[in-house]
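Dear colleague,

I am passing on the structure below, and after it you will find my notes on what turned up when I went through it. Please read them with the coordinates open beside you.

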Amino acid sequence: MLRIHFTIEDLARTVLAGSRALPVAEAVMSLQAIRLGAGRRLTRWRSHVLERLPEGAALLGALVPASGWIPDFLTPSEPNHSGPAAFEAIRSTPRGRLAADLQRLSGRHRLPAWTRSLAEGDRAALNAVTDVLETYHNVAIVPFADQMRKVLETDRAWRMHTMAGGGLGTVLAGLHPQIHWREPVLELPGPRGTGDVDFHLEGRGILLCPHVFCGPRPRALLNDVDRPVLVYRPVWDPGGSGLVGGMSRKARPAEVPALGTLLGRTRAAVLATLATSDGHTTKQLAESLAISPASASEHVAALRASGLATSRRHANTMRHTITRLGIDLISAGNATGGTR
């Protein structure tokens with residue numbers, strides 16, 4: 001059991017991650033998905049990546065185990081560490097941090113001889129690892145970034161609705177069935193074999209970060225350098241979001257097992273899309289889901305008649321938004337749909 005202790009300052013500095021810039025950690029976690037087989041939902045994505053693995057991918061394989069802890073220097077967590085800045089942050093990792101991370105990793109996994117030079121701060125070795133990771137990121141993440149953002153935006157919208165209605169404690173308690181909020185302590189499963197661990201945030205707060213490639217268990221990326229991060233699977237199942245089946249085409253309507261059965265596949269996708277922002281026009285919905293404007297209008301009308309959506313005229317356009325009932329239905333649908 002891992003117990004994360006919050007102070008008042010920590011609660012004030014706990015934030016939800018944005019989704020516009022996907023963190024490099026998404027690529028690193030996807031490596032674990034490949035090593036573990038990725039599951040049926042990600043079969044096509046895995047095949048796509050394996051056919052395009054960059055030369056030198058073995059460097060990453062040596063540093064990213066199939067499961068468990070990943071060296072912190074590979075997953076910079078500060079909000080300004082995204083895109084090219086993330087890779088520059090990795091290249092600039094101090095020697096002391098490299099040594100500490102690799103020493104910790106060597107206690108769990110046998111490392112090849114070349115990692116000794118990396119632990120000693122060899123810049124050529126660090127640049128080689130970073131170059132391969134950046135190339136891999138361009139293969140495994142960049143082509144699917146739009147679909148992934150939709151998944152993460154949906155989750156963020158749901159958490160924001162939850163926070164508005166119940167506060168941060170309700171958000172923390174609802175992140176995952178294995179996470180328990182017992183103010184001021186957050187409890188979740190710790191790394192296997194570590195027993196009970198207490199971690200004090202010491203005023204730094206924590207970044208709540210959904211990851212498409214997070215496994216079924218939440219994980220905490222805790223260190224004494226960057227802001228700690230709590231990683232969890234988003235509320236919307238990435239396996240049915242269009243990430244897999246539509247990876248080389250336009251994103252398909254979301255396939256959510258429970259809601260798809262209740263509302264129909266496309267109508268469930270319209271409801272999910274409405275949850276990703278404060279409003280969509282009919283044209284935006286149609287373009288987002290690759291359906292006709294007439295079809296989008298028809299589905300919105302049905303959702304509106306059921307109390308799941310509202311429509312308001314704004315200037316010369318009609319904007320559609322999800323209602324609280326719609327958000328609650330999304331939550332219930334994922335809870336019963338086996339997405340966790």
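**A buried arginine and its partner**

The side chain of Arg 219 makes a polar contact with the side chain of Gln 32, at 2.9 Å. Before going further, I should say that this is a predicted model, and everything that follows should be read in that light. Arg 219 is found in strand 7, and although it is buried, it has no salt bridge, since the nearest side chain of opposite charge, that of Asp 72, is 9.2 Å away. A salt bridge here requires a side-chain nitrogen of Lys or Arg within 4 Å of a carboxyl oxygen of Asp or Glu, so the distance of 9.2 Å to Asp 72 does not qualify.

**Salt bridges**

Elsewhere, the count comes to 9 salt bridges, and I describe a few of them here. The side chains of Glu 134 and Arg 91 meet in one of these, with N and O 3.4 Å apart. This pair links distant parts of the chain, as Glu 134 belongs to helix 8 (residues 123-140) and Arg 91 to helix 5 (residues 84-91), with their positions 43 residues apart in sequence. Glu 134 is partly exposed, with a relative accessible area of 29%, whereas Arg 91, at 17% relative accessibility, counts as buried. Both residues also take part in a network of salt bridges that links Glu 88, Arg 91, Asp 131 and Glu 134.

A further salt bridge joins the side chains of Arg 149 and Asp 146, at 3.2 Å from N to O. These two residues are 3 apart in helix 9 (residues 145-166), and are therefore separated by about one helical turn. Arg 149 is buried, with a relative accessible area of 19%, while Asp 146, at 54% relative accessibility, counts as exposed. The cut-offs matter for both residues, because buried means under 20% and exposed means over 50%.

Glu 51 forms a salt bridge with Arg 52, and the closest N and O atoms of that pair are 3.4 Å apart. Glu 51 counts as exposed at 63% relative accessibility, and Arg 52 as partly exposed at 40%.

**Aromatic pairs**

A search of the whole structure finds 2 aromatic pairs. In one of them, the rings of Phe 6 and Trp 181 have their centres 5.3 Å apart and their planes at 90 degrees, so the pair is edge-to-face. Phe 6 lies in the loop between strand 1 (2-5) and helix 1 (8-12), and Trp 181 lies in strand 3 (residues 180-182), so the pair ties together parts that are 175 residues apart in sequence. Phe 6 is buried, with a relative accessible area of 6%, and Trp 181 is likewise buried, with a relative accessible area of 17%.

The rings of Trp 45 and Phe 213 have their centres 4.6 Å apart and their planes at 40 degrees, so this pair is tilted. It too links distant parts of the chain, with Trp 45 in helix 3 (residues 43-50) and Phe 213 in the loop between strand 6 (207-210) and strand 7 (219-221), 168 residues apart. Trp 45 counts as buried at 0% relative accessibility, and Phe 213 counts as buried at 6%.

**Helix 14 and what follows**

Helix 14 (residues 293-305) has 13 residues, which at 1.5 Å a residue should span 18 Å, and its end C-alpha atoms are indeed 18 Å apart. Within helix 14, Ser 295, Ala 296, His 299, Val 300 and Leu 303 are buried. These residues cover an arc of only 130 degrees around the axis, which puts them on the same side of the helix. The general geometry is familiar: an α-helix has 3.6 residues a turn, so residues three or four places apart point the same way. The face of helix 14 turned away from its buried side carries the exposed residues Ala 294, Glu 298 and Ala 305.

Just after helix 14, Gly 307 takes a positive phi of about 80 degrees. Further on, Thr 310 lies in strand 10 (residues 309-314) and, at 33% relative accessibility, counts as partly exposed. Thr 310 and Ile 322 are 12 residues apart in sequence, and their C-alpha atoms are 6.3 Å apart in space.

With best regards

Key
Residues are numbered from 1 along each chain as its sequence is written. This is a predicted model: local features need pLDDT of at least 70, side-chain atom pairs count only at pLDDT 80 or more; totals for chains, interfaces and linings use all residues. Side-chain values use heavy atoms; hydrogens and water are left out. Helices (H or I, at least four residues) and strands (E, at least two) are DSSP runs, numbered from the N terminus. The expected span of a helix is 1.5 Å times one less than its number of residues. Buried means under 20% relative accessible area, exposed over 50%, partly exposed in between (1.4 Å probe, protein chains only). The arc is that of the directions from the helix axis to the C-beta atoms. Rings of Phe, Tyr and Trp (its six-membered ring) pair if their centres lie within 6.5 Å; planes under 30 degrees apart count as stacked, over 60 as edge-to-face and the rest as tilted. Lys and Arg count as positive and Asp and Glu as negative; His and the chain ends are not counted. A polar contact is a pair of N or O atoms within 3.5 Å; within protein, one must be able to donate a hydrogen and the other to accept it, and residues adjacent in sequence count only if both atoms are side-chain atoms.
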